[in-house]
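This report describes a single protein model for a reader who has not met it before. The sequence and the structure are shown first, and the account of the interior, the rings and the charged pairs follows.

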Amino acid sequence: MSELPKPPGRMGRVMGDMLDEAGRDRDGPADFDDTFHRWWAPMVRSLTVACGDGEVAADCVQDAFMRAFARWRRVSRLDDPPGWIRHVAVNRMRDHFRKTTRGRAAVERLEARPTMPTSEPAPPSELAALFARLPPQQRIAAALFYVEDLDVHDVARAMKLSEGAVKYHLHAARQSLRGVLEARS
């Protein structure tokens, strides 16, 4: 988006006398649309030069203007609303590169670690075939309790159920499996 042209000659001087740098009447709060149209492009240009990436700069300025819009009643009464928006945009840019740097460092650390051979998951066992016959809640509770060896409290947290409900599902699963195993023998 390009900066709005200034009116030529005397008209520009008269309009300039009526508005301050923040794009507001000298006596009232700043207008968001005027502030946006006046400062969007210059902020994007300066942050593009600062960070070397136009998309990151535009995203940071956009985010700063969105935050300003959400708080415009307060921001418009500041001495320098564009300065507040610019400060937020610069902080967003710093956050972006800080996050990118941390991500790159984490990937480098992981790449530097020796790879540990992992085995393929075991094919479905007889136990898995038995569990497949259970209703979903019973199957999940039984798998977490018997296969992963979690206690009832941890199964309840994982399933977002009460401990009593988990105990019920485990009991029902045992009853169902007992019936299947007795029928086989």
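In this predicted model, the largest nonpolar core has 24 residues, and those that touch the most other members are Trp40, Leu47, Val61, Phe65, Ala68, Trp72 and Ile85. At least two residues of this core come from each of H2, H3, helix H4 (72-75) and H5. The greatest contribution is that of H2, with nine residues. Valine 61 illustrates the packing: leaving aside residues up to four places away in sequence, it touches Trp40, Met43, Val44, Leu47 and Ala89. Another core, of 15 residues, lies apart from the largest one, and its members include Leu130, Val152, Val155 and Val180. As a general background, nonpolar side chains in soluble globular proteins tend to be buried together.

**Overall architecture**

The protein contains nine helices and zero strands. Its pattern along the sequence is accordingly written α-α-α-α-α-α-α-α-α. It comprises 185 residues, of which 28% count as buried. The accessible surface comes to about 13,300 Å², and carbon and sulfur atoms hold 56% of that area. Among contacts with a separation of 6 or more, 52% join residues that are 24 or more positions apart.

**Aromatic rings**

The count of aromatic pairs in the model is eight. In one of them, the rings of phenylalanine 32 and phenylalanine 65 have centres 6.0 Å apart and planes at 80 degrees, so this pair is edge-to-face. Phenylalanine 32 belongs to helix H2 (residues 32-51) and phenylalanine 65 to helix H3, and the pair thus links distant parts of the chain, 33 residues apart. Both of these phenylalanines, 32 and 65, are buried.

Phenylalanine 65 also pairs with phenylalanine 36: the ring centres are 5.0 Å apart and the planes stand at 80 degrees, so this pair too is edge-to-face. Because phenylalanine 36 lies in helix H2 and phenylalanine 65 in helix H3, the pair ties together parts that are 29 residues apart in sequence. Phenylalanine 36 is buried, as is phenylalanine 65. Ring pairs join Phe32, Phe36, Trp40, Phe65, Phe69 and Trp72 into a cluster. Of these, Trp40, Phe65 and Trp72 are also named among the core residues that touch the most other members.

A charged side chain is placed against another ring: arginine 86 lies over the face of tryptophan 39, at 5.2 Å from the ring centre.

**Salt bridges**

Side chains of opposite charge can pair when their charged atoms come close. The structure holds five salt bridges, and the following table lists three of them.

| Acidic residue | Basic residue | Distance, N to O |
|---|---|---|
| Aspartate 63 | Arginine 92 | 2.6 Å |
| Aspartate 95 | Arginine 92 | 3.7 Å |
| Aspartate 154 | Arginine 157 | 3.7 Å |

The salt bridge between aspartate 63 and arginine 92 joins two helices. Aspartate 63 lies in helix H3 (residues 54-70) and arginine 92 in helix H5 (residues 81-112), so the pair ties together parts that are 29 residues apart in sequence. Aspartate 63 counts as buried because its relative accessibility, 16%, is under 20%. Arginine 92, at 30% relative accessibility, counts as partly exposed.

Arginine 92 also meets aspartate 95. These two residues are three apart in helix H5, so about one helical turn separates them. Aspartate 95 counts as partly exposed, with a relative accessibility of 32%. A network of salt bridges links Asp63, Arg67, Arg92, Asp95 and Arg98.

The salt bridge of aspartate 154 and arginine 157 lies within helix H8 (residues 152-159), where the two residues are three apart and therefore separated by about one helical turn. Aspartate 154 is partly exposed at 26% relative accessibility, whereas arginine 157 is exposed at 56%.

**A position in the final helix of the pattern**

Alanine 165 is found in helix H9 (residues 163-184). Its relative accessible area is 22%, which makes this alanine partly exposed. Alanine 165 and alanine 141 are 24 residues apart in sequence, and their C-alpha atoms are 9.7 Å apart in space.

Terms used
Residues numbered from 1 in each chain as written. Predicted model: local features only at pLDDT ≥ 70, side-chain atom pairs only at ≥ 80, totals over all residues. Heavy atoms only, no water. Helix = DSSP H or I, 4+ residues; strand = E, 2+ residues; numbered from the N terminus. Buried < 20%, exposed > 50% of the residue type's maximum accessible area, 1.4 Å probe, protein only. Contact = heavy atoms within 4.5 Å. Areas by Shrake-Rupley, 256 points an atom, 1.4 Å probe, with all protein chains shown as cover. Salt bridge = Lys/Arg side-chain N within 4 Å of Asp/Glu carboxyl O. Phe/Tyr/Trp six-rings, centres within 6.5 Å; stacked < 30°, edge-to-face > 60°. Lys NZ or Arg CZ within 6 Å of the ring centre and 35° of its normal. Core = buried A, V, L, I, M, F, W, Y, C linked by side-chain atoms within 4.5 Å.
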